[in-house]
Amino acid sequence: MREPVLVPRLQPFTSTIFAEMTALAVRHEAVNLGQGFPDTDGPAGMLDAAKNALFGGANQYPPSPGRPELRAAIARHRLRYGVEYDPGTEILVTAGATEAIAASLIALTQAGDEVIVIEPYYDSYAAAVAMAGAERRVVGLVERDGRFALDVEGLRAAVTDRTRAILVNSPHNPTGTVFTRAELEAVAALCVKHDLIAITDEVYEHLVFDDAEHFPLATLPGMRDRTVSISSAGKTFNCTGWKIGWVCASPELVAAVKAAKQFITFVSGGPLQPAVAHALDHELPWAEELRTSLQGKRDRLAAGLAEAGFAVRPTAGTYFICVDVRPLGFADAAELAWELPERVGVAAVPVKVFTDHPDEWKHLLRFAFCKRNEVIDEAVSRLRKLR
């Protein structure tokens with residue numbers, strides 16, 4: 001029998017940079033600022049709700065679209081933005097936002113379609129487009145006015161008669177930029193003009209800093225029924241391992257995504273869904289405290305990275321700071337990233353691995369600041385040795 005061989009479209013995705021850097025960090029006992037996961041738990045009330053559900057019999061299959069109380073809580077949460085969704089027909093619970101994005105692309109795009117992806121992009125996007133059989137067209141962010149800005153003209157130029165969807169991530173991983181209302185209005189106008197579907201990754205919606213504000217694309221004129229809005233509990237409530245995400249969209253779009261999702265995981269996280277429902281209804285003040293804490297951690301790490309000799313880029317949201325490695329005499333951040341765990345005992349991730357044009361992004365390195373202050377301080381102390 002012929003040995004199984006991975007199909008060509010998935011061959012570029014046999015490993016993730018996060019797994020590789022985490023393994024390297026473990027090997028060298030390095031401080032891991034590469035992978036974006038917090039090192040403290042979420043709100044006690046949410047954990048108690050999960051325990052009560054676990055020991056209260058909620059351990060079998062939940063309903064295929066998700067438990068009713070969670071879908072209702074998600075609908076109430078989206079009302080904060082002024083958008084109303086029917087919990088029965090317009091909300092689908094998924095195994096994290098990653099599955100929601102993959103299922104959306106598999107359900108809504110096919111061979112011959114093009115999906116516009118903004119570069120740099122979270123690594124699962126490229127793999128999900130490939131799994132759908134579609135083709136990605138990338139449009140790079142540009143450094144302008146002290147931030148990573150959306151290249152609106154480049155976005156317009158990228159649309160062809162084959163374009164089916166655009167994938168929008170704000171607050172943006174890995175750069176930490178938060179798209180302005182004007183930038184999102186440009187995206188909305190493009191979608192309406194060319195009859196495009198928008199798939200939005202909003203998992204960092206509550207983690208924005210200073211005067212930045214998150215504007216869901218679905219709130220803009222003409223976008224409510226052409227946007228698949230995706231978020232999750234992991235980043236908002238420090239439970240990244242739970243993998244409870246959701247899709248909010250029109251009944252037609254939700255039904256399409258469900259058709260794909262039900263044959264990927266069918267359902268997941270039965271006893272965790274009531275806990276997330278509790279968190280959305282009762283723990284948003286805790287999430288606001290988390291946001292304030294993370295803003296302080298961002299400032300703490302940014303100051304330390306600057307002292308270590310990096311050129312620090314501003315970040316308005318998420319868990320991440322990007323730095324330019326060239327002031328320290330390095331030309332390629334990837335080469336430095338592979339050296340750092342052994343050299344000084346810190347792990348980070350090069351931004352160029354999230355792009356189709358690595359030479360344009362090879363000078364940037366991404367650090368995560370979603371860690372305890374003592375962990376951040378230890379990492380900074382080690383990084384100072386680079387000077």
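These are my notebook entries on a predicted model, covering its two domains, one helix, two loop residues and some salt bridges.

**Entry 1: the domains**

I started with the domain assignment. Domain 1 comes in two segments, 8-42 and 284-386, and domain 2 covers 59-281. I then looked up how far apart the domain centres lie: over C-alpha atoms, 24 Å separate domain 1 from domain 2. Domain 1 brings 39 residues to the contact, and domain 2 brings 40.

Next I checked the area. About 3,400 Å² is buried between domain 1 and domain 2, and carbon and sulfur atoms give 60% of that. On the domain 1 side, the residues that lose the most area to domain 2 are Leu284, Thr318 and Phe354; together they make up 20% of what that side buries.

**Entry 2: what holds the interface**

I went looking for charged pairs here. Three salt bridges cross the interface of domain 1 and domain 2. I also looked at Asp210 and Arg298, whose side chains form a salt bridge with N and O 2.7 Å apart. For polar contacts across the interface, I noted 18 residue pairs, with both residues of a pair at pLDDT 80 or more.

Which elements of domain 1 each supply at least two residues to the side that touches domain 2? I found α1 (17-27), α10 (284-307), β12 (320-324) and β15 (364-368). Of the elements on that side, α10 gives the most, with eight residues. I sorted the side of domain 1 that touches domain 2 by class as well: 21 residues are nonpolar, 11 polar and seven charged.

**Entry 3: helix α5**

My next stop was α5, residues 123-132. Nine of its 10 residues are buried, so the rest of the structure largely encloses this helix. The buried ones are Asp123, Ser124, Tyr125, Ala126, Ala127, Ala128, Val129, Ala130 and Ala132. As a reminder to myself, an α-helix has 3.6 residues a turn, so residues three or four places apart point the same way.

What covers the buried residues of α5? I listed the elements, among them helices α1 and α4 (96-108). Strands β3 (114-119), β4 (135-140), β7 (163-169) and β8 (197-201) are also included in that cover. One backbone detail went into the margin: Gly133, just after α5, takes a positive phi of about 85°.

**Entry 4: two loop residues**

I picked Thr180 in the loop between β7 and α7 (181-194). Is Thr180 buried or partly exposed? With a relative accessibility of 32%, Thr180 counts as partly exposed. Leaving out residues up to four places away in sequence, Thr180 touches Arg147 and Phe215. I also took a long-range distance: Thr180 and Phe367 lie 187 residues apart in sequence, and their C-alpha atoms are 23 Å apart in space.

Then I turned to Asp332, which sits in the loop between β12 and α11 (333-343). Asp332 has a relative accessible area of 13%; the cut-off is under 20%, so Asp332 is buried. The side chains of Asp332 and Lys352 are joined by a polar contact of 2.9 Å. With residues up to four places away in sequence left out, Asp332 touches Val325 and Lys362 as well as Lys352.

**Entry 5: salt bridges**

Finally, I went through the salt bridges; the count comes to 28. Glu202 pairs with Arg78, their closest N and O atoms lying 3.4 Å apart. Why note this pair as a tie between separate parts of the chain? Glu202 lies in the loop between β8 and β9 (227-232) and Arg78 in helix α3 (residues 68-78), so the bridge ties together parts 124 residues apart in sequence. I checked burial too: both Glu202 and Arg78 are buried.

I jotted down two more pairs. Arg224 forms a salt bridge with Asp225, with 2.9 Å between the closest N and O atoms, and Arg224 is partly exposed at a relative accessible area of 21%. Glu374 and Arg372 meet through their side chains in a salt bridge of 2.9 Å, N to O. Arg372 is partly exposed, at a relative accessible area of 34%.

My last note is on a network: Glu114, Glu135, Arg137 and Arg162 are joined into one by salt bridges that share partners.

Key:
Residues are numbered from 1 along each chain as its sequence is written. This is a predicted model: local features need pLDDT of at least 70, side-chain atom pairs count only at pLDDT 80 or more; totals for chains, interfaces and linings use all residues. Side-chain values use heavy atoms; hydrogens and water are left out. Domain bounds come from an automatic or database domain assignment. Contact means heavy atoms within 4.5 Å. Buried area is the accessible area (1.4 Å probe) that two parts lose on being put together, summed over both. A salt bridge is a side-chain nitrogen of Lys or Arg within 4 Å of a carboxyl oxygen of Asp or Glu. A polar contact is a pair of N or O atoms within 3.5 Å; within protein, one must be able to donate a hydrogen and the other to accept it, and residues adjacent in sequence count only if both atoms are side-chain atoms. Helices (H or I, at least four residues) and strands (E, at least two) are DSSP runs, numbered from the N terminus. Ala, Val, Leu, Ile, Met, Phe, Trp, Tyr, Cys and Pro count as nonpolar, Asp, Glu, Lys and Arg as charged, and the others, Gly among them, as polar. Buried means under 20% relative accessible area, exposed over 50%, partly exposed in between (1.4 Å probe, protein chains only).
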